[in-house]
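Biologist: Could you take a close look at one part for me, the aromatic ring pairs, and then show me how they sit within the rest of the chain? A connected walk-through would suit me best.

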Amino acid sequence: MKLFNTLTQSLQEFKPINDTVSIYVCGVTPYDTTHLGHAFTYITFDTLIRYLEYKGHTVKYVQNVTDIDDDVLRKARELDMKWDDLGNREIERFLGEMDSLNWRRPDVYARATDEMERIVQLNEGLLERGLAYVSEGCVFYDVRKDPEFGKMAQAVGLNDYHSMLTIANERGNFPDDKRKRDPLDFVLWQAQAPGEPAWESPWGPGRPGWHIECSSMAMHYLGQQIDIHGGGADLNFPHHTCEIAQSEHYSGKAPFVRTWMHVGMVYQDGEKMSKSLGNLTLVRNLLKEYSADAIRLVLQSHHYRYQWECFPEDLKIAAANAYLFTQVRELVGPELRGEDSMLHNRFIAAMDNDLNTPEATLLLKHAAQQALEEKNINLGSEILRLTKVLGLTA
RNA sequence: GGCGACGUAGCCAAGUGGUAAGGCACGGCUCUGCAAAAGCUGCACCAGCGGUUCAAGUCCGCUCGUCGCCUCCA
């Protein structure tokens, strides 16, 4: 199977390091609702994992949830809720809605607040190696000590280190922070602010920076080098750029990740779907009108690396296609009988080509039309076997 | 401002040098008492200009346009 590695910007033959494929996917911050963009990302990895398992791999899948950060605290204040109550509520909603889409839950769903001890260790390690420094109860990553910083940023077109530095200075969002040595330095541990929750650390009470939890969890649950690390395309910089820096300098092993996979953004009204713009299609609302299979088919009819916009018409088409597969199920019955190697091989070829689900779903659709026309039980059985690989419930 | 991506029919979209998939919409036909559904069928000089090549949507350059990232974001 070939997968596109964001870091090298090329298709690479996928070969796991060990028998068990290690996959880490950046999860959500639980302060708001689940929209179609989230579903696209997580159904993409759900599909990948189902496919890998179908091909005989054992997969260990870890996803984080950032249950303590600025957004959670801010939203909790707005709602006059306790921050952890808000987090718990939104985590339940997220998991519930993803369950409704028939996703395979991660083997480990890790909370940032359960990770404190190891995050502190990671900070200590980076301090020992001279790649971080303490300043007024905070720990910062020292980008000047890391000539390799920004590999991922470069890969996605964000020029080089010096340009990033220049731009960051021009923009001036953080250089005013006198606690930092360099405007690009980022927080590994931040000192407690008045009224905010805090955890103990050698540098005083505080909480983790924005990127450190993922380094910590990935290395703890999966090892210092992992097979696949994924997330939305908006995470490649700065989040994954910083993750690479932290992880590789802590472990002394590179690459931290064999294959970086980034999922394209979903658009609405011509712009990127985002909480701040409010142009959201909510999974919860879609589920009122469409089946999980229809929603999955809409997502899978787009290739994961590319951005797209969801139109109502596409959902109707997907629902019609989902119906085709239920008709195939009626034709075949509960027991699968026979196979169709032609369809199987074409499906494998599509999926092996960087998870080309648009082609795979199209193949299955045409096969379904044919099977129904010919009342072909063998073909129908094969279709149902493969739709199951896509996580469909027909 | 810097950097990057993209620009294929009304819309979505495949296509990684060799006579332009597919889907939706639309038109025609078949079937049906009408309609719907279904089936058949029709519908593109690939943003513009220049270059490389026997051959370019596909490679290179420029222009125009759209979007993204650089700031929390799947």
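Modeller: Happy to. Let me begin with what counts as a pair: two rings of Phe, Tyr or Trp, the last by its six-membered ring, pair if their centres lie within 6.5 Å. Planes under 30 degrees apart make the pair stacked, planes over 60 degrees apart make it edge-to-face, and the rest are tilted. Please keep in mind that this is a predicted model.

With that definition, a search of the whole structure finds 12 aromatic pairs. One of them joins phenylalanine 94 and tryptophan 103. Their ring centres are 5.7 Å apart and their planes meet at 85 degrees, an edge-to-face arrangement. Both of these residues are buried. The two rings also have company, as Tyr42 forms one aromatic cluster with Phe94 and Trp103.

A pair with another geometry is made by tyrosine 141 and phenylalanine 186. Here the centres lie 4.9 Å apart and the planes are at 15 degrees, so this pair is stacked. Tyrosine 141 belongs to strand 7 and phenylalanine 186 to strand 8, which covers residues 186–191, so the pair ties together parts that are 45 residues apart in sequence. How covered are the two partners? Tyrosine 141 has a relative accessible area of 0% and is therefore buried. Phenylalanine 186 comes to 6% relative accessibility, so it is buried because the limit for that class is 20%.

The surroundings of this stacked pair deserve a look as well. Strand 7 spans 138–141, and glycine 137 lies in the loop between strand 6 (132–135) and strand 7. At 17% relative accessibility, glycine 137 counts as buried, because the class takes in values under 20%. Beyond its neighbours within four places in sequence, glycine 137 is in contact with Trp189, Gln190, Ala191 and Trp203. For glutamine 190, the C-alpha atom is 6.9 Å from that of glycine 137, although 53 residues separate the two in sequence.

Let me step back to the whole of chain A. The chain has 14 helices and 14 strands. Its radius of gyration is 23 Å, close to the 21 Å that the globule rule gives for 394 residues, so the chain is as compact as a globular protein of that length. The C-alpha trace spans about 75 × 45 × 35 Å along its principal axes. Of the 394 residues, 56% count as buried. Among contacts with a separation of 6 or more, 76% are between residues 24 or more positions apart. Chain A exposes about 17000 Å², and carbon and sulfur atoms supply 47% of that area. As for charge, there are 41 positive and 57 negative charges, and their mean positions are 2 Å apart.

Further along the chain comes helix 7, residues 212–222, which is mostly covered, with nine of its 11 residues buried. Among the buried ones are Cys214, Met217, Met219 and Leu222. Just after this helix, glycine 223 takes a positive phi of about 110 degrees.

You may also want to check the backbone at two prolines. A cis peptide bond joins phenylalanine 237 and proline 238, with omega about 0 degrees. Proline 238 has its place in helix 8, residues 236–251, and is partly exposed, with a relative accessible area of 37%. The C-alpha atoms of proline 238 and tryptophan 210 are separated by 9.9 Å, and the two residues are 28 apart along the chain. The peptide bond from alanine 254 to proline 255 is also cis, with omega near 0 degrees. Proline 255 lies in the loop between helix 8 and strand 11 (257–263).

Finally, there are positive phi values in residues other than glycine. Aspartate 354 has phi near 55 degrees and lies in the loop between helix 12 (341–352) and helix 13 (357–374). This aspartate is buried, at a relative accessible area of 2%. Lysine 375 has a positive phi of about 50 degrees and is found in the loop between helix 13 and helix 14 (377–389). In terms of cover, lysine 375 counts as exposed at 60% relative accessibility.

Key. Residues are numbered from 1 along each chain as its sequence is written. Chains are lettered from A and ligands numbered from 1 in the order in which they are written. This is a predicted model: local features need pLDDT of at least 70, side-chain atom pairs count only at pLDDT 80 or more; totals for chains, interfaces and linings use all residues. Side-chain values use heavy atoms; hydrogens and water are left out. Helices (H or I, at least four residues) and strands (E, at least two) are DSSP runs, numbered from the N terminus. Buried means under 20% relative accessible area, exposed over 50%, partly exposed in between (1.4 Å probe, protein chains only). Contact means heavy atoms within 4.5 Å. The radius of gyration is taken over C-alpha atoms; the globule rule is 2.2 Å times the number of residues to the power 0.38. Accessible areas come from the Shrake-Rupley method with a 1.4 Å probe; for residues, only the protein chains shown count as cover. Lys and Arg count as positive and Asp and Glu as negative; His and the chain ends are not counted. The place of a charge is taken as NZ of Lys, CZ of Arg, CG of Asp or CD of Glu.
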